[in-house]
Amino acid sequence: MSAQVARRVAVIGSGSWGTALSGLLAEQVGEVRLWCRSARVAEAIGATRRNPRHLTDYELPSGVHATADAAEALEGAEAVILALPSSYLRDACRMISPLVDAKAPVLVLTKGVERGTNELMADVAATELGGAWRVAVLSGPNHAEEVCLGKLAAAVLAARDADVAERLRALLVSPSFRVYVSEDVVGVEVCGAVKNVIAIACGVAAGLGAGDNTLAVLMTRGLAEIGRVAAALGSDPLTPMGLAGMGDLVATCTSEHSRNRTFGEALVAGETLAAYEERTGMVVEGARAAQSVLALARGLRVAAPITEAVNAVLHEGLPVADAIDGLLGRRPGEEFYGMAFQDKENH
Ligand SMILES: NC(=O)C1=CN([C@@H]2O[C@H](COP(=O)(O)OP(=O)(O)OC[C@H]3O[C@@H](n4cnc5c(N)ncnc54)[C@H](O)[C@@H]3O)[C@@H](O)[C@H]2O)C=CC1
Ligand SMILES: O=C(CO)COP(=O)(O)O
């Protein structure tokens, strides 16, 4: 084990990713306090070292202390990690705001765009907790099911302040978890939110028996969609080529662990979003992001046809066959049209 880089950090949210990240943090940090919404989950973790709802076979290290008391979770925390689904992030930040040290760096693990406001997650956290300079995001091909087993993975940690990035990176980096840094918070966030929508489309295609070529087309045109939204928001055009973009797109669109991909498959088999989330106890962020990313793209006047198709199927009752017809009815034009200029509306 490496030397301790912090005495105590708080992880807010005990879903799959909050659970796996707590274990990873415990390799470097003296004590990880994991806030669970449910007191029963916190008690079960204390008694068995296992989360009874997520990654149930994974034994958490002794350095992880679970609690349902937010004040206890945040007491003396030198950094705060937010591991909540996008729908709950703002309310949770409001709830913990009086308990968070004003100087503590904040790392957002959530991948999404808030519905209603179309705000990115770091902006939500900064508004509610104060101090955009101290809010960073982590994204990349990081299925919790593999990270908790110590299988090699990498992520990009983006922060506006280089010192914040380095302090947070030191908490996470390990031989099996490589953490790169970036200043492009917006670009990294756009990648993480949009790739979930594209993964639903890939799941739908796979469920309908699509071949590898078709899935590769969806991923690549999905990457173009990510690139257009990111470019229109002024982010680095190379960010979508990295871990948060291409890396996570490939992992999510192809993995059996992906809720977004497997939900797409379940959808064509007749399962609803509500039934899927109820059955698995997990969130399908892409289903929510389809609405907010589309609203964001429309506001920016960039085309997001795959997102539009997924949104129409999930939220407007469009039959899948009609959504596919709509996509295939588009004229394929210049491959990178609209990537550099935000005022072009085609392709
Ligand atoms: N699971 C993964 O491998 C990864 C997940 N993420 C992102 O992390 C975020 C959290 O996802 P997971 O940890 O996977 O969650 P999850 O899907 O495993 O679990 C759902 C979580 O939502 C919580 N929840 C339900 N109702 C709530 C409420 N009213 N208020 C607060 N929390 C509530 C549940 O307690 C549970 O912790 C998502 O944005 C996801 O995209 C990012 C990278 C990897
Ligand atoms: O973001 C993730 C992996 O990097 C998790 O993806 P899913 O939410 O589709 O499982």
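## Two ligand shells and a buried helix

In this predicted model, helices α1 (16–25) and α4 (86–96) each put at least two residues into the shell around ligand 1. That shell counts 24 residues, and the closest are G15, S16, W17, A144 and M282. Both domains take part: domain 1 (6–183) and domain 2 (190–328) each give at least three residues to the shell around ligand 1.

Now for ligand 2. Here 14 residues make up the surroundings, with N142, T252, S258, R259 and N260 as the closest. The helices that each supply at least two residues to this shell are α8, α10 and α11, and α10 gives the most, with three residues. Again the two domains share the job, since at least three residues come from each of domain 1 (6–183) and domain 2 (190–328).

If you're thinking about the chemistry of the two sites, here is how the shells break down by residue class.

| Shell | Nonpolar | Polar | Charged |
|---|---|---|---|
| Ligand 1 | ten residues | eleven residues | three residues |
| Ligand 2 | three residues | seven residues | four residues |

Helix α11 deserves a look of its own, as one of the helices that supply at least two residues to the ligand 2 shell. How enclosed is α11 by the rest of the structure? Nine of the ten residues in this helix (residues 259–268) are buried, so the rest of the structure largely encloses it. The buried ones are R259, N260, R261, T262, F263, G264, E265, A266 and L267. Two of these names, R259 and N260, also turn up among the closest residues to ligand 2. As for what does the covering, the list includes α8 (185–207), α10 (243–254), α12 (273–280) and α13 (285–300). Just past the end of α11, G270 adopts a positive phi of about 105°.

Stepping back to the whole chain, you get 15 helices and eight strands. The C-alpha trace spans about 55 × 40 × 35 Å along its principal axes. How does the radius of gyration fit a compact globule? For 347 residues such a globule would come out near 20 Å, and the chain has 19 Å, so the two agree. Burial across the chain stands at 54% of the 347 residues. Long-range contacts are well represented too: of the contacts between residues at least 6 apart in sequence, 72% join residues at least 24 apart.

Conventions:
Residues numbered from 1 in each chain as written. Chains lettered and ligands numbered in written order. Predicted model: local features only at pLDDT ≥ 70, side-chain atom pairs only at ≥ 80, totals over all residues. Buried ≥ 20, exposed ≤ 12 C-beta atoms within 10 Å, placed from the backbone. Helix = DSSP H or I, 4+ residues; strand = E, 2+ residues; numbered from the N terminus. Contact = placed C-beta atoms within 7 Å. Rg over C-alpha atoms; globule rule 2.2 N^0.38 Å. Near = placed C-beta within 6 Å. Nonpolar A, V, L, I, M, F, W, Y, C, P; charged D, E, K, R; others polar. Domains from an automatic or database assignment.
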